[in-house]
Amino acid sequence: MQPRFDWALEPLADMSPTEFHDWQTLLEERSGMVVSERRRSFLQTNLSARMREVGAPDYASYYRQVTSGPRGAVEWSTLMDRLTVQETRFFRHPASFELLDGYLRQRVEQGALERPLALWSVGCASGEETFSLAMATAEVLAGCDLNGGFGVTGTDISLSALAKSRAGIYGARKLEQVETPLRERYFLPLPDARFQIIPDLAARVCFARLNVLELANSPVSGMDVIFCQNLLIYFRRWRRREILNRLADCLVPGGLLVIGVGEVVGWQHPELLPVANDQVLAFTRKSL
Ligand SMILES: C[S@@+](CC[C@H](N)C(=O)[O-])C[C@H]1O[C@@H](n2cnc3c(N)ncnc32)[C@H](O)[C@@H]1O
């Protein structure tokens with residue numbers, strides 16, 4: 001007897017141009033992410049994998065599934081976990097962290113820290129950037145009277161990325177970018193050879209789901225430092241500028257905004273001054 005192949009084990013057919021267009025539009029409207037023709041196979045592979053899991057027979061019926069009702073919203077959230085690029089590292093782009101160190105030291109010297117510092121990692125993925133901000137700030141504030149006065153928020157659209165962030169557990173390879181003194185101060189070895197962020201540092205950090213397309217409705221404000229690196233590259237230019245305008249509004253006077261180098265060109269904001277540094281793309285908000 002011929003073996004019976006389940007349809008789910010067979011490769012899914014190529015997307016039609018209309019289907020590809022519908023998915024492109026949906027993704028861009030909801031997440032800002034632009035899926036170019038070059039990334040069609042990435043989209044198709046990831047959609048197919050998820051469709052097999054949920055038993056959706058074709059792209060059109062899966063599209064209907066993710067766009068209808070509360071169950072669709074849950075499925076959309078799972079799909080986002082699969083389609084977003086969550087690559088990240090501790091102290092990614094070291095020049096940005098050198099700039100942060102200098103900025104924080106200057107604020108301390110000026111005595112301009114009358115309240116706890118608030119820092120924000122926008123598009124935090126699995127938390128490495130958020131904890132890097134926390135370590136960098138803890139280092140500067142250690143030993144001065146203001147020791148301890150800071151909090152860091154990491155936000156992302158992906159719930160699975162946020163779950164990893166909240167766990168604060170990383171493999172040894174991940175820690176290679178962390179200098180030994182910091183590794184010893186801020187990580188605890190676990191029996192399974194991984195490392196966990198120490199509770200004192202973890203207590204300074206919180207994570208929340210936030211879609212950057214919805215910044216207008218978010219309660220975030222009063223930030224001293226905002227890092228938004230390696231997120232805007234997936235968006236159209238006009239959208240990058242719109243998001244940056246919103247982030248600028250979340251900064252306190254004198255606050256620092258750090259963006260991935262080359263992620264925006266020619267953007268200006270009436271309240272922001274560019275930081276003179278040819279290795280980092282950063283701005284400070286004018287003081288009152
Ligand atoms: C490549 S990672 C960058 C991580 C980190 N900022 C860094 O520079 O290493 C991009 C992150 O942005 C998140 N992301 C994508 N679209 C988003 C959106 N519309 N709102 C919030 N986060 C988003 C992804 O889930 C992913 O975790």
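Start at Ala125: one of its backbone N or O atoms lies 3.5 Å from an oxygen atom of the ligand. Keep in mind that this is a predicted model.

Now select the ligand by itself. Taken alone, the ligand exposes 610 Å², and the protein buries 98% of that. Turn on a pocket display next. The ligand sits in the largest pocket.

Next, show the shell around the ligand. It holds 20 residues. The closest are Thr88, Arg92, Gly123, Asp156 and Asn230. Colour the shell by residue class. Seven of its residues are nonpolar, nine are polar and four are charged.

Pick out two side chains from that shell. Select Thr88 and look at its polar side-chain atom, 2.6 Å from an oxygen atom of the ligand. Then move to Arg92. An N or O atom in the side chain of Arg92 is 2.8 Å from an oxygen atom of the ligand.

Leave the ligand and turn to the aromatic rings. How many aromatic pairs are there? The count comes to nine, with ring centres within 6.5 Å as the cut-off.

Select Trp23 and Tyr62 to view one pair. Their ring centres are 5.7 Å apart and their planes meet at 25°. Planes under 30 degrees apart count as stacked, so the pair of Trp23 and Tyr62 is stacked.

Finally, display the helices behind these rings. Trp23 lies in helix H1, residues 17–31, and Tyr62 lies in helix H3, residues 59–66. The pair therefore ties together parts that are 39 residues apart in sequence.

Note on methods. Residues are numbered from 1 along each chain as its sequence is written. This is a predicted model: local features need pLDDT of at least 70, side-chain atom pairs count only at pLDDT 80 or more; totals for chains, interfaces and linings use all residues. Side-chain values use heavy atoms; hydrogens and water are left out. A residue is near a molecule or strand if one of its heavy atoms lies within 4 Å of it. A polar contact is a pair of N or O atoms within 3.5 Å; within protein, one must be able to donate a hydrogen and the other to accept it, and residues adjacent in sequence count only if both atoms are side-chain atoms. Accessible areas come from the Shrake-Rupley method with a 1.4 Å probe; for residues, only the protein chains shown count as cover. On a 1 Å grid over the protein atoms alone, a cavity is a set of points where a 1.4 Å probe fits but cannot get out, and a pocket is an open set with protein on both sides within 12 Å along at least five of seven lines; lining residues have an atom within 4 Å of a point. A molecule sits in a cavity or pocket if more than half of its atoms lie within 2 Å of its grid points. Ala, Val, Leu, Ile, Met, Phe, Trp, Tyr, Cys and Pro count as nonpolar, Asp, Glu, Lys and Arg as charged, and the others, Gly among them, as polar. Rings of Phe, Tyr and Trp (its six-membered ring) pair if their centres lie within 6.5 Å; planes under 30 degrees apart count as stacked, over 60 as edge-to-face and the rest as tilted. Helices (H or I, at least four residues) and strands (E, at least two) are DSSP runs, numbered from the N terminus.
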